[in-house]
Amino acid sequence: MHFLLIWLATSVATLAATAVVPGIEAVGGDYMGPIMCALVLALVNASIKPIMKVLSLPVTILTLGLFALVINALMLELASWLSVGLFNAGIEVAGFGSAFFGAIIISIVYAVVSNALGVDDD
């Protein structure tokens, strides 16, 4: 049940990013694309992102935490590439700038929605 709530919150956040950020487009349907990308993004955030955070810890400390935004953008691009490659549905990210602002929008919307749903990110 916990993973389904995370998937729901990530889906809403991804839908918001496709609506707000100009360089992010849905592939495979206006709703199915962001939902499938949110599934892959939740899995990437649970498996690969912790490793990336540990490996980039010195750079993150030097930049006072701003490099964490770059990690989020890279995870969004990876999830986009995987979802379109695996499911033929996801989001298409035009470039790193779109991924960067999309990751910020997804982080903000996810925080609000997961707080409203009562999701714990342990």
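Biologist: What makes S11 count as buried?

Modeller: In this predicted model, S11 has a relative accessibility of 7%. Buried means under 20% relative accessible area, so S11 counts as buried. The residue is found in helix α1. Leaving aside neighbours within four places in sequence, S11 is in contact with I35 and A38.

Biologist: Why is F3 called partly exposed?

Modeller: The relative accessibility of F3 is 34%. Buried requires a value under 20% and exposed a value over 50%, with partly exposed in between; F3 therefore counts as partly exposed. F3 also lies in helix α1. When residues up to four places away in sequence are not counted, F3 touches L39, A42 and L43. F3 and L39 are 36 residues apart in sequence, with their C-alpha atoms 9.6 Å apart in space.

Biologist: Why is α1 described as oblique to α2?

Modeller: The axes of α1 and helix α2 (residues 32–47) cross at roughly 125 degrees and come within 8 Å. Angles from 65 to 115 degrees count as roughly perpendicular and those over 145 as roughly antiparallel, so the pair falls in the oblique class. The crossing of α1 with α2 is right-handed. On the α1 side the contact is made by F3, I6, W7, T10, S11, T14, L15 and T18, and on the α2 side by P34, I35, C37, A38, L39, L41, A42 and L43. The residues of this contact comprise 12 nonpolar, 4 polar and no charged.

Biologist: What makes α1 oblique to α6?

Modeller: Helix α1 (residues 2–20) packs against helix α6 (residues 96–117) at about 140 degrees, and their axes are 8 Å apart. Roughly antiparallel is reserved for angles over 145 degrees, and roughly perpendicular ends at 115; α1 is therefore oblique to α6. Here too the crossing is right-handed. Residues of α1 in this contact include L5, L8, A9 and V12, and those of α6 include I105, I106, V109 and Y110. The contact of α1 with α6 divides into 15 nonpolar residues, 4 polar and no charged.

Biologist: How do you know that α5 and α6 are roughly perpendicular?

Modeller: Helix α5 (residues 67–87) and α6 have axes that cross at roughly 105 degrees and come within 8 Å. The range for roughly perpendicular is 65 to 115 degrees, so the two helices are placed in that class. L69, V70, N72, A73, L74, L76 and E77 of α5 meet F96, A99, F100, G102, A103, I104, I106 and S107 of α6. By residue class, the contact of α5 with α6 has 11 nonpolar, 3 polar and 1 charged.

Biologist: Which elements make up the secondary structure of the protein chain, and in which pattern do they follow along the sequence?

Modeller: The protein chain has 6 helices and 2 strands. Along the sequence they follow the pattern α-β-α-α-α-α-β-α.

Biologist: Why is the protein chain called as compact as a globular protein of that length?

Modeller: The radius of gyration of the protein chain is 14 Å, and the globule rule gives 14 Å for 122 residues; the value is close to the rule, so the chain is as compact as a globular protein of that length. The C-alpha trace spans about 40 × 35 × 25 Å along its principal axes. Of the 122 residues, 37% are buried. Among contacts with a separation of 6 or more, 74% join residues 24 or more positions apart.

Technical notes:
Residues are numbered from 1 along each chain as its sequence is written. This is a predicted model: local features need pLDDT of at least 70, side-chain atom pairs count only at pLDDT 80 or more; totals for chains, interfaces and linings use all residues. Side-chain values use heavy atoms; hydrogens and water are left out. Axes are lines fitted to C-alpha atoms, for helices over the stretch in contact, and angles run from 0 to 180 degrees between N-to-C directions. Helices (H or I, at least four residues) and strands (E, at least two) are DSSP runs, numbered from the N terminus. Angles under 35 degrees count as roughly parallel, over 145 as roughly antiparallel, 65 to 115 as roughly perpendicular and the rest as oblique. A crossing is left-handed if the near helix is turned anticlockwise from the far one by less than a right angle, and right-handed if clockwise. Contact means heavy atoms within 4.5 Å. Ala, Val, Leu, Ile, Met, Phe, Trp, Tyr, Cys and Pro count as nonpolar, Asp, Glu, Lys and Arg as charged, and the others, Gly among them, as polar. The radius of gyration is taken over C-alpha atoms; the globule rule is 2.2 Å times the number of residues to the power 0.38. Buried means under 20% relative accessible area, exposed over 50%, partly exposed in between (1.4 Å probe, protein chains only).
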